[in-house]
Amino acid sequence: MISLQGINKYYITGDEKIHALRDVDLEIKKGEFIAVMGPSGSGKSTMIKILGLLDNNFQGEYFFDGKNVRTLNDDQLSTIRNNKIGFVFQNFNLIKTLTIKENIYLPMLYKGASKKQCQERALSLLRRVDLESKTNKYVSELSGGQQQRVAIIRALVNNPDIIIADEPTGALDSHTSKDIMNLFQELNKEGITIIVITHDKDVAKEAKRIVNIFDGELKEDAV
């Protein structure tokens, strides 16, 4: 599904050239549950941007479902992102001025779905995570764990093949973190590829495969 081959990424800051990723090779098969683990500044954020097709300015080759993403234009990349990839973030990235159901179905509206289709899909997903009663609430009325569950089902709204989760439990307590990781386990069992980026060993242990990144290099690939 994903193949990174000899990926190098540089940033220019003033007179300094920073080598953020160094000769990264990584294969991710459909249906895998993989954790990319490393400390702050290790290159995890850069990996997210490249894996999620948010940054196409790198050296090396990236194949997504057999397509070389370096040959795709912005519209083609956007289509893959919208249809194939769901994103989950540490700070949830929910829109405070929208209700919970509106936050969830917003990606569907962007794709041209009807309001009725959007509402039905949002309600179905909210039932899945026992938040149907919160459908007309606002973000500020939910706990951190509830907000992250909303963020996860928002990532599911367009039926993606892959979920990329950036430190998804970083703002949560240990009990709530376990619940969130259990939800990822359920989604993985349904065939969704899960990529979790984390610095937390307990979170990484929930994955079936762990890749460690240090100073932009993949040091170890443990199953």
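Here are some notes on the predicted model above, point by point.

1. Let's start with the sheet near the beginning of the chain. Four strands make an open, antiparallel sheet, arranged in the order β2-β1-β4-β5. Its edges are β2 and β5 (67–68), each of which pairs on one side only.

2. The hairpin is a good place to look next. Strand β1 covers residues 2–13 and strand β2 residues 16–28, and nine bridges pair them in the antiparallel sense. Within this pairing, Lys9 sits opposite Leu21 of β2. Two residues separate the strands of the hairpin, and the turn includes Gly14, which has a positive phi of about 65 degrees.

3. On to the remaining pairings of that sheet. β1 runs antiparallel to β4 (residues 59–64), and five bridges join them; here Ser3 is opposite Phe63 of β4. Two bridges then connect β4 to β5, again antiparallel, with Phe64 having Lys67 in β5 as its bridge partner.

4. Helix α1 (residues 44–51) deserves a look for its burial. Six of its eight residues are buried, so the helix is mostly covered. The buried residues are Lys44, Thr46, Met47, Ile48, Ile50 and Leu51, and you may like to note that Lys44 is in that list. After α1 comes Leu53, with a positive phi near 60 degrees.

5. Now for the nonpolar interior. The largest nonpolar core contains 40 residues, and Ile104, Ile163, Phe184, Leu187 and Ile194 have the most contacts inside it. Elements giving two or more residues to this core include β3 (33–37), α3 (100–110), β7 (162–166) and α6 (174–189). The most comes from α5, which gives six residues. Another core, of 29 residues, lies apart from this one; Ile2, Leu21, Ile80 and Phe87 are among its members.

6. Leu187 is worth selecting in your viewer. Leaving aside residues up to four places away in sequence, Leu187 touches Arg128, Ile152, Leu156, Ile163, Ile192 and Ile194. One of these contacts, Arg128, also forms a salt bridge with Glu190, with the closest N and O atoms 2.5 Å apart. Arg128 belongs to helix α4 and Glu190 to the loop between α6 and β8, so this pair ties together parts 62 residues apart in sequence. With 33% relative accessibility, Arg128 counts as partly exposed.

7. The model has 10 salt bridges, and the one between Arg209 and Glu32 spans a long stretch of sequence: Arg209 is in strand β9 (residues 209–214) and Glu32 in the loop between β2 and β3, so the pair ties together parts 177 residues apart. Their closest N and O atoms are 2.8 Å apart, and both residues are buried.

8. For another setting, try Lys219 and Glu217. The closest N and O atoms of this salt bridge are 3.9 Å apart. Lys219 counts as exposed at 52% relative accessibility, whereas Glu217, at 31%, counts as partly exposed. Elsewhere, a network of salt bridges links Asp65, Lys84 and Asp161.

9. Finally, a loop residue. Ser140 is found between α4 (115–128) and α5 (144–156). Its relative accessibility is 70%, so Ser140 counts as exposed. The C-alpha atoms of Ser140 and Thr97 are separated by 9.5 Å, while the two residues are 43 residues apart along the chain.

How values were computed
Residues are numbered from 1 along each chain as its sequence is written. This is a predicted model: local features need pLDDT of at least 70, side-chain atom pairs count only at pLDDT 80 or more; totals for chains, interfaces and linings use all residues. Side-chain values use heavy atoms; hydrogens and water are left out. Two strands pair if DSSP finds at least two bridges between them. Buried means under 20% relative accessible area, exposed over 50%, partly exposed in between (1.4 Å probe, protein chains only). A nonpolar core is a set of buried Ala, Val, Leu, Ile, Met, Phe, Trp, Tyr and Cys residues joined through side-chain atoms within 4.5 Å. Contact means heavy atoms within 4.5 Å. A salt bridge is a side-chain nitrogen of Lys or Arg within 4 Å of a carboxyl oxygen of Asp or Glu.
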